[in-house]
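This report goes through selected features of one protein chain, beginning with its aromatic rings and ending with its overall make-up. Please keep the structure at hand while reading.

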Amino acid sequence: FAVDAQLMTKSLIPVYVFLSLQEAGDLYDMFHTRYTLHRRAYQHRVNNIIEWMITEALMLADPHIEISGANGELYKISTSIDDMVAYTKLTDNIFQQILNSSKPELQKARTILNNILCRKLYKCIDQIRPHEESEVKKEEFDKLAGEVASSTTSAVRFAPEDFIVNVVSLNYGMKGKNPIDEAWFYRKDFPDQDPPYQAVQIEKGQVSRLLPERFTEQLIQVYCKKTDKQSVKAAKSHCDQWCNNRKFTTPKGGDHIAPGHDSQ
């Protein structure tokens, strides 16, 4: 059977999936579960900073690790994707390879990986959920750490590289859109038709009046690489002032339990 020939000569017909109207509420629940998993697990502050630290370690190690590819050519971690022989050798074992290495040039990368294993993670200073009109634009991401570092003066001197500002978008899977607006359902109450169904779309209010008005939010996680008590205290002052400068919701009373802020 010549599959390729069939594909070349046949027109592609779009296929639509129609769900029962009774499943509309369950579909909203499914997308809300997706959002909840990202908020509680996939984008959790600890999970994200561990990923960030592993990335830092790999970037530091990149110039000093060689992976043999086809014809014995050597590749870095970052270039091994250009050679499938080298790329198939790039497994999770790279973590242990760096950790167990005695090369002095891998010392910084080793220290970061050891800190992860010992749970000496960069300190999460704050988590902010800005209002829609205050959300950070993508083109601003790279300068946020510098803004936090220079937001105020303190006894501890900070450089932009002392802070990590991670901007996370949480949504129902279609950015700011309601995914159910793109779904099709069928109704069964047309016995005189053949087939006795009718394809329909449904408005949110027909499912429930308790569904969200917005389907996306921004979460900003601010971390400090200096983890001693004095530095953490100073970093919180920098973060508070940065929130004021950015017109984010700011905590009252000097603590970090307030609307718009999540304490660690």
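## Aromatic rings

In this predicted model, ring pairs join Tyr-35, Tyr-172 and Phe-215 into a cluster. Across the whole structure, a search finds six aromatic pairs. One of them brings together Tyr-186 and Tyr-197: the ring centres are 5.4 Å apart and the planes stand at 75°, so this pair is edge-to-face. Tyr-186 belongs to strand E6 (residues 184–187), while Tyr-197 sits in the loop between E6 and strand E7 (198–200), so the pair ties together parts that are 11 residues apart in sequence. With a relative accessibility of 24%, Tyr-186 counts as partly exposed because buried means under 20%. Tyr-197 is also partly exposed, at a relative accessible area of 42%.

A further edge-to-face pair is made by Trp-242 and Phe-248, with 5.4 Å from centre to centre and 80° between the planes. Here Trp-242 is buried, its relative accessible area being 1%. Phe-248 counts as buried too, at 5% relative accessibility.

## Helix H9

Trp-242 is one of the buried residues of helix H9. The others in that list are Ser-231, Val-232, Ala-234, Ala-235, His-238, Cys-239, Cys-243 and Arg-246. Does the length of the helix fit its residue count, and what span should be expected? H9 covers residues 229–246, and at 1.5 Å a residue its 18 residues should span 26 Å; the C-alpha atoms at its ends are 26 Å apart, which agrees. The expected figure is 1.5 Å times one less than the number of residues. After H9 comes Lys-247, which has a positive phi, near 60°.

## Pockets

Rolling a probe the size of a water molecule over the atoms shows where empty space is left. The two pockets described here are set out below.

| Pocket | Volume | Nonpolar lining residues | Polar lining residues | Charged lining residues |
|---|---|---|---|---|
| Largest pocket | about 220 Å³ | eight | two | two |
| Second largest pocket | about 180 Å³ | two | three | five |

The lining of the largest pocket consists of Ile-54, Leu-58, Met-59, Asp-62, Ile-77, Ser-78, Leu-90, Thr-91, Asp-92, Ile-94, Phe-95 and Leu-113. Two or more of its lining residues come from each of helix H3 (45–61) and helix H5 (93–99). H3 gives the most, with three residues.

Around the second largest pocket are Glu-135, Val-136, Lys-137, Lys-138, Phe-141, Ser-169, Lys-175, Thr-216, Glu-217 and Gln-218. Which element gives the most to this lining? Strand E8 (residues 216–224) does, with three residues.

## The chain as a whole

The protein chain has nine helices and nine strands. It has 264 residues, of which 35% count as buried. Among contacts between residues at least 6 apart in sequence, 67% join residues at least 24 apart.

Conventions:
Residues numbered from 1 in each chain as written. Predicted model: local features only at pLDDT ≥ 70, side-chain atom pairs only at ≥ 80, totals over all residues. Heavy atoms only, no water. Helix = DSSP H or I, 4+ residues; strand = E, 2+ residues; numbered from the N terminus. Buried < 20%, exposed > 50% of the residue type's maximum accessible area, 1.4 Å probe, protein only. Phe/Tyr/Trp six-rings, centres within 6.5 Å; stacked < 30°, edge-to-face > 60°. 1 Å grid on protein atoms, 1.4 Å probe; cavity = no way out; pocket = protein on both sides within 12 Å on 5 of 7 lines; lining within 4 Å. Points joined across faces, edges and corners; volume = space filled by probe spheres on them. Nonpolar A, V, L, I, M, F, W, Y, C, P; charged D, E, K, R; others polar. Contact = heavy atoms within 4.5 Å.
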